[in-house]
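Work through the exercises below with the sequence and the 3D view side by side, and try each task before reading its solution.

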Amino acid sequence: LNLIRDDYERRAIREEQFNIFSVLCKNSDEVNLHSRFISSLLNPYGSHQLSDFCLRTFLDVCGYSPQFVTNLLAPGVEVHPNEYDPSEWDEIDILIINRRTTCALFIENKIYARDSNHDEHGQIENYYQVIMDKYHIQEKNLEAIFLSPGREPSDKSIGRRYPRLREILKIIHYNDVIIGWLDKCLKAAVDKPFLRETILQYIKL
């Protein structure tokens with residue numbers, strides 16, 4: 001065991017420590033680091049040149065039906081924020097809208113921040129309502145994800161106004177679902193060295 005430990009320590013000393021994400025942002029920066037990087041991969045029109053592979057793969061590992069992903073490359077599919085418009089829409093961390101099928105999925109991303117609840121509504125509950133009211137998405141076509149390193153949303157955040165929200169809200173974690181998804185993206189980027197190394201650094205982070 002001591003020999004194995006010594007070998008791991010020698011490998012750790014030789015391993016590269018530089019990580020562009022740590023240099024530019026705090027490791028726990030939900031908005032400027034994690035949400036933007038994930039949404040940039042999800043955007044089928046992004047400069048990653050993987051077309052809709054990352055988005056389709058993400059939806060697949062999260063267990064969404066093929067109906068939700070129909071015609072992803074047709075005009076009308078939007079992912080916000082993206083590299084061309086880095087601002088959040090209505091403070092929603094990641095919003096995916098398919099205008100052709102009138103479906104939408106939003107992701108609430110929490111690293112360490114607390115839920116932003118109000119007396120009149122919970123945070124996730126509010127986003128659920130805003131997407132239906134402002135973007136004219138029927139409730140039956142709206143999906144929601146709570147993404148975190150390992151926590152769950154509060155009851156107040158989910159609220160009680162929409163019973164369906166509590167039923168359909170998926171809770172996914174970085175260390176299993178996101179890492180598994182990124183591994184698939186990594187294999188697709190094997191011939192794209194800049195993208196491949198960027199994804200590797202993000203996985204390391």
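**Exercise 1. Find which strands pair with β4, and in which sense.**

Begin with strand β3 (residues 103-109), which pairs with β4 in the parallel sense over six bridges; two strands count as paired if DSSP finds at least two bridges between them. The helices and strands named here are DSSP runs numbered from the N terminus, with H or I over at least four residues for a helix and E over at least two for a strand. To locate one of these bridges, start at Ala-104, whose bridge partner in β4 is Leu-142. Next, follow the chain from β3 through helix α5 (residues 123-135) to β4, a β-α-β crossover that is right-handed, meaning that, with the strands pointing away from the viewer, the path from the first strand over the helix to the second runs clockwise. Finally, turn to strand β5 (residues 170-173), which pairs with β4 in the parallel sense over four bridges, and in which Ile-172 is the bridge partner of Leu-147.

Before going further, note that this is a predicted model, in which local features need pLDDT of at least 70 and side-chain atom pairs count only at pLDDT 80 or more, while totals for chains, interfaces and linings use all residues. Residues are numbered from 1 along each chain as its sequence is written, and side-chain values use heavy atoms, with hydrogens and water left out.

**Exercise 2. Decide whether the two faces of β4 are buried or exposed.**

First recall that in a regular strand the side chains alternate between the two faces of the sheet. On one side of β4 lie Leu-142, Ala-144, Phe-146 and Ser-148, on the other Glu-143, Ile-145 and Leu-147, and all of these are buried, where buried means under 20% relative accessible area, exposed over 50% and partly exposed in between (1.4 Å probe, protein chains only). Taking the strand as a whole, residues 142-148, seven of its seven residues are buried.

**Exercise 3. Describe the surroundings of Tyr-162.**

Start with its place in the chain: Tyr-162 lies in the loop between α6 (155-158) and α7 (163-168). Then consider its accessibility, since Tyr-162 has a relative accessible area of 15% and is therefore buried. Leaving aside residues up to four places away in sequence, Tyr-162 touches Glu-125, Tyr-128, Gln-129, Met-132 and Glu-139, a contact being heavy atoms within 4.5 Å. As a last step, compare positions along the chain and in space: Tyr-162 and Glu-125 are 37 residues apart along the chain, yet their C-alpha atoms are separated by 7.5 Å.

**Exercise 4. Repeat the reasoning for Val-77.**

Val-77 belongs to strand β1 (residues 77-80). Its relative accessible area is 5%, so Val-77 is buried. Between the C-alpha atoms of Val-77 and Ile-97 the separation is 5.7 Å, although these residues are 20 places apart along the chain.

**Exercise 5. Examine helix α4 and the residue that follows it.**

Within helix α4 (residues 53-61), look for the buried residues, among them Cys-54, Leu-55, Thr-57, Phe-58 and Leu-59. Then move to Gly-63, just after α4, which takes a positive phi of about 85 degrees.

**Exercise 6. Name the helix that gives the most to the lining of the largest pocket.**

Three helices, α2 (20-24), α3 (30-42) and α9 (193-204), each supply at least two residues of this lining. Of the contributions, that of α3 is the most, with six residues.
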